[in-house]
Amino acid sequence: MDLNSKKYEVVNINKATQTELETLPGIGPSLALKIINYRKENGEFSSIEEVKNVSGIGDSKFEEIKKY
């Protein structure tokens, strides 16, 4: 499926549930859980770029999801 043809909702990475995080392009159950666990251990993300500290989210994944 062409990612550009799917409409994605904007998700707040500090408040989103696992299900909401999984709606982002390229974010599956395990990565969504890593984001939630990072948030639990470190508190809220202070910037969108901080999500790159989560294991499994590098520059290319970040570029894919940052607008959401």
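**Exercise 1.** Locate asparagine 14 in this predicted model, and decide whether asparagine 14 is buried or exposed.

*Solution.* Start with the position along the chain: asparagine 14 sits in the segment before helix H1 (18-21). Next, take the relative accessibility, which is 19%. Buried means under 20%, so asparagine 14 counts as buried.

**Exercise 2.** Find what asparagine 14 touches, setting aside its neighbours within four places in sequence.

*Solution.* First list the contacts: Arg39, Glu44 and Phe45. Then look at phenylalanine 45 in finer detail: the asparagine 14 side chain reaches the backbone nitrogen of this residue at 2.5 Å.

**Exercise 3.** Describe the largest nonpolar core and name the elements that give two or more residues to this core.

*Solution.* Begin with the count, 19 residues. Leu21, Ile27, Ile35 and Val51 have the most contacts inside this core. Now turn to the elements: helix H2 (29-42) and helix H3 (59-65) each give two or more residues. H2 provides the largest share, five residues.

Finally, zoom in on leucine 21. Apart from neighbours within four places in sequence, leucine 21 is in contact with Val11, Ile13, Ala16, Ile27, Ala32, Ile35 and Ile36.

**Exercise 4.** Place proline 25, classify its burial, and give its C-alpha separation from tyrosine 38.

*Solution.* Proline 25 belongs to the loop between H1 and H2. Its relative accessible area is 4%, so proline 25 is buried. To finish, compare chain and space: proline 25 and tyrosine 38 are 13 residues apart along the chain, and their C-alpha atoms are separated by 19 Å.

Methods
Residues numbered from 1 in each chain as written. Predicted model: local features only at pLDDT ≥ 70, side-chain atom pairs only at ≥ 80, totals over all residues. Heavy atoms only, no water. Helix = DSSP H or I, 4+ residues; strand = E, 2+ residues; numbered from the N terminus. Buried < 20%, exposed > 50% of the residue type's maximum accessible area, 1.4 Å probe, protein only. Polar contact = N/O pair within 3.5 Å; in protein donor to acceptor, adjacent residues only side chain to side chain. Contact = heavy atoms within 4.5 Å. Core = buried A, V, L, I, M, F, W, Y, C linked by side-chain atoms within 4.5 Å.
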